[in-house]
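Some terms used for helix packing and pockets rest on a value set against a cut-off. The turns below go through that reasoning for one structure.

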Amino acid sequence: MAKALRIKFQPPLAITLLILGFFVFLPMLSAFEYSIRTPLTGGYGWTHYIWAVTEEDFLHYILRSMWLAGVTVLITLFVLVPTMTWLHLSNSKVRGLIDGLSLLPLVIPVVAFAVGAQISFPEFVQNTVLELPFLYFVLALPYAYRSLDIGLNSIPLKTITEAARSAGANWLRTITSVIIPVIRGSVMATIALTFALSLGEYTLTVLLHWDTFPTWVTYVAQDNILGAIAISMMSLIIPFLILTVITLFVPERTIQGRK
Amino acid sequence: MTSQVIEGGAPSRGRAFLTSFMKNILPAAPLLLIVGFFFLFPITRLIYVSFLSNDNTFTIDNFKTAIQEPYRTGFINSIKIGVFSAAIAAFPGALAAYFIETRGSSKLRRTIAVMSGVLANTGGVPLAFMFYAALGIQGYLTKALKYLGWDLYSGTFSLGSFVGLLIVYLYFQLPLMVIVFSPAIVSLRREWSEAARNLGASQFNYWIRIGIPLLFPSFIASFLLLFASGFSAYATANALTVGNLPLTPLQIGGLLDGNVSAAQLNLGKALGVVMIVISACAVIPYLAIQRRSAKWQKR
Amino acid sequence: MSSKSLSLKNISKRFGNVNALDNFNLEVGVGELVALLGPSGCGKTTALRVVAGLEHQDAGTVLVADKNISDVPAHKRNMGMVFQAYSLFPNLTVEENVAFGLQMRKVSKHLRLKKAHELLDLVGLDSQSKRFTHQLSGGQQQRVALARALAFEPEILLLDEPLSALDAQVRVNLREEIRRLQISLGTTTLFVTHDQEEAMAISDRVGVMNNGVLEQIDTPDALYNKPASSFVASFVGTMNRIPAHISNGMVEIFGSKVVALKRGNESGKVHALIRPESISVVATTTQGNAKVLTRSFMGASSNIICQTADGTIVQSLMTSASTGDLLPGSSVQLRILSSEVLVANV
């Protein structure tokens with residue numbers, strides 16, 4: 001039936017947004033004001049931002065964080081997506097097990113996980129920064145799993161697969177060129193989520209003594225506070241932009257809609 | 001399901017097992033290996049080592065120390081900040097989620113979803129800076145409040161104190177509440193409120209008999225998740241406190257860094273295990289409630 | 001019985017720039033079951049929701065037993081409503097759901113549970129009274145919804161496509177049950193559906209709606225045999241539209257002249273509207289006026305699709321016994337069985 005077009009002004013919503021906006025943006029804008037101060041002239045400028053991006057370490061650490069997050073996304077795409085598709089198709093007994101396992105990281109505080117990780121892995125794992133994407137993958141697993149689960153539940157997976165198979169596609173092609181495109185909404189959401197979480201991870205990274213973009217800020221803060229604030233502002237804005245851009249590609253219906 | 005034809009005899013049974021294994025488990029092997037090695041193994045080892053003394057014999061001494069001072073205060077503070085930050089954030093967050101989900105346009109809801117996602121993950125040094133700028137001694141809000149006659153810093157207040165930390169934690173707890181509670185709001189069907197009105201229920205009666213009972217489990221579940229989040233937050237506390245507020249995550253971090261030394265080498269592991277137990281007490285009921293209410297939501 | 005008459009006078013309702021209801025009028029007598037039938041988006045659900053008070057009309061009045069209730073809020077109107085689906089409260093048991101309306105009317109617990117069991121017994125679900133609603137099948141849920149809507153003895157019963165989410169077999173059973181209950185309780189009922197078979201099967205009168213306007217309201221029989229407009233004619237039942245020529249009030253179809261019933265041009269090209277059962281198909285050995293395309297057997301009757309020499313597709317419904325020699329491709333003679341036909345402009 002024809003839906004009511006609500007263009008009406010909504011006082012409760014407006015008040016809610018006002019209060020939330022105040023709480024969210026006041027600290028953000030305050031810090032932003034600090035970050036554009038130029039103490040020498042007493043005015044405002046992009047001095048600290050320019051200082052930060054021309055700093056050699058800036059590029060080094062941001063690239064490192066990016067590629068670590070990229071690897072995490074690859075693990076998600078090449079391990080989690082095919083496995084979950086298979087689980088949904090096969091009714092395998094391990095599905096219950098994996099369902100439960102995927103939620104388990106939610107139970108473990110990251111600090112405790114870091115302690116466990118520090119005392120468990122053999123040298124060759126501890127010595128490579130590549131251990132981080134796998135650990136990030138574990139941290140993101142509960143969210144990634146749920147978001148893919150919603151996507152896979154929303155399509156007639158069995159019919160689609162049988163159609164693709166009978167049209168002559170092998171399993172790999174079925175997954176890569178049929179299933180993933182069909183659930184691209186939730187795959188994109190999963191990628192966004194995994195990428196953002198990996199990019200911003202601090203606790204585990206710092207406790208395992210690795211340096212990435214989020215931990216680098218701490219060092220900068222020791223001798224250039226305003227520069228560190230500028231970097232902090234960027235570290236807030238970057239994931240925000242990434243998430244916004246990616247969610248723009250997500251078709252609306254994958255975000256649970258109301259009738 | 002695979003029903004294998006068993007041709008009799010031991011060797012073929014072995015082969016049947018092998019094909020069944022290959023069909024039922026092998027495709028999940030990469031995921032199971034990653035989760036097993038990078039997650040289950042460290043957690044198991046953590047639990048195991050927490051029961052070892054300095055000379056690797058079994059002991060529960062680590063746990064005995066873990067529940068004594070100063071670690072006892074650490075746990076109490078951590079639980080307190082988890083409970084308070086969750087309690088303060090839960091109701092306003094739920095209300096905000098309600099207004100946003102029921103009154104907001106689809107564009108607004110999507111924008112808020114993205115923003116909440118980012119904000120719920122803020123923490124550490126960036127978050128500390130933001131609050132120094134707003135509520136620090138020279139902060140804008142501090143100055144504004146002083147102008148209005150309320151000197152925040154006349155007493156013992158600081159951002160690194162319990163109350164200060166609590167305010168800062170709300171910055172990620174509120175968006176987290178919006179994220180976790182929104183699905184419950186969305187699952188409230190319009191038909192229910194319409195049916196209730198049709199059957200003679202006023203708005204008030206609808207909320208008392210239907211709306212609140214339906215949302216309550218999700219509300220409690222969200223509260224529990226917020227507790228776990230506040231209880232185990234590390235980065236922000238680490239950035240704001242200077243050793244003046246004992247919190248378990250910081251104590252573990254100190255032991256792990258070697259900044260703090262303890263007579264018992266494996267004390268940090270025992271603290272970690274106790275944290276897991278406390279966190280599990282909140283998260284497992286959360287998961288159970290989520291699963292139960294999914295029954296109403298799924299059609 | 002507490003049942004009352006319902007009338008809607010000059011109701012208009014707009015959503016944005018869509019006219020959901022345009023000066024809409026409807027009368028439903030005491031104890032009568034009237035169905036509103038129409039394609040989706042025709043305004044039928046809006047009409048029902050205006051009656052229930054869930055939408056407020058922009059103009060016009062709603063009268064129950066000649067009392068203007070236009071400004072009475074939904075929860076003070078004494079009307080029971082059955083929704084499309086999923087309207088049962090999931091936190092209450094079946095009997096609590098059914099007793100809800102009485103609870104809101106402050107009826108004592110003992111009395112309202114007694115009434116709830118009475119109603120559940122009527123819909124054959126008394127044994128399920130302690131269960132939660134998600135444990136029931138779709139058909140059972142709608143029975144409970146019906147019991148709930150009737151438990152507080154409403155003045156009017158409103159049914160908003162209550163069968164559309166159910167399987168075909170359940171749908172037929174439940175609609176008969178709704179009718180049986182409605183007659184035995186004598187409740188004035190407004191029934192919204194897009195399924196014409198459903199509407200025709202159980203209603204006293206059916207109103208056909210299009211674009212927010214009531215095109216025709218009449219008994220199922222009259223609607224089928226004397227449609228008031230070309231839209232009604234095509235929407236209710238199957239209708240052949242056969243190009244023909246009209247002059248002096250007569251049209252020539254398949255070689256015979258029949259009386260044209262009003263409407264449409266006085267002369268020139270028109271469409272003759274003819275029901276499939278009014279066309280007979282007879283096999284010929286000579287050159288007929290059409291060829292058989294398909295024949296589908298449906299038990300007692302068969303559906304024959306033919307194509308005339310000028311390319312028009314014609315559908316005929318005949319008893320299966322007389323269709324044995326109508327094989328696809330065979331040459332046939334079409335004949336019109338009625339002496340008068342409806343015509344519509346091309």
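What follows is a set of questions and answers on a predicted model, covering three helix pairs and one pocket.

Q: Why are α2(C) and α4(C) called roughly parallel?
A: The axes of helix α2 (residues 94-104) of chain C and helix α4 (residues 138-151) of chain C cross at roughly 25° and come within 7 Å. Because angles under 35 degrees count as roughly parallel, α2(C) is roughly parallel to α4(C).

Q: Which residues bring α2(C) and α4(C) together, and how do they divide by class?
A: From α2(C) come C:Val94, C:Asn97, C:Val98 and C:Leu102, and these meet C:Val144, C:Ala147, C:Arg148 and C:Ala151 in α4(C). The residues of this contact divide into six nonpolar, one polar and one charged, and α2(C) passes α4(C) in a right-handed crossing.

Q: What makes α7(A) and α10(A) roughly antiparallel?
A: Helix α7 (residues 131-153) and helix α10 (residues 184-200), both of chain A, pack at an angle of about 165°, their axes being 9 Å apart. Since angles over 145 degrees count as roughly antiparallel, α7(A) is roughly antiparallel to α10(A). The crossing of these two helices is right-handed.

Q: How many charged residues does the contact of α7(A) with α10(A) have?
A: The contact has no charged residues, but ten nonpolar and six polar ones. Among those taking part are A:Tyr136, A:Leu139 and A:Tyr143 in α7(A), together with A:Val187, A:Leu193 and A:Leu197 in α10(A).

Q: Why are α8(A) and α9(A) called oblique?
A: Their axes come within 10 Å and cross at roughly 135°. Angles over 145 degrees count as roughly antiparallel and those from 65 to 115 as roughly perpendicular, so an angle in neither range, and not under 35, is oblique. The two helices are therefore oblique to each other, and α8(A) passes α9(A) in a right-handed crossing. The contact involves A:Leu157, A:Ile160, A:Thr161, A:Ala164 and A:Arg165 of α8(A) and A:Trp171, A:Thr174, A:Val178, A:Ile179 and A:Val182 of α9(A).

Q: How do you know which chains line the second largest pocket?
A: The elements that give two or more residues to the lining are α3 (56-90), α8 (157-166) and α9 (171-182) of chain A, together with α1 (10-24) of chain B. The pocket has a volume of about 610 Å³, and of its 21 lining residues the closest to the centre are A:Trp86, A:Leu89, A:Ser90, A:Trp171 and B:Pro27. Helix α3(A) gives the most to this lining, with eight residues.

Conventions: Residues numbered from 1 in each chain as written. Chains lettered and ligands numbered in written order. Predicted model: local features only at pLDDT ≥ 70, side-chain atom pairs only at ≥ 80, totals over all residues. Heavy atoms only, no water. Axes fitted to C-alpha atoms, helices over the stretch in contact; angles between N-to-C directions. Helix = DSSP H or I, 4+ residues; strand = E, 2+ residues; numbered from the N terminus. Left-handed = near helix turned anticlockwise from the far one by under 90°. Contact = heavy atoms within 4.5 Å. Nonpolar A, V, L, I, M, F, W, Y, C, P; charged D, E, K, R; others polar. 1 Å grid on protein atoms, 1.4 Å probe; cavity = no way out; pocket = protein on both sides within 12 Å on 5 of 7 lines; lining within 4 Å. Points joined across faces, edges and corners; volume = space filled by probe spheres on them.
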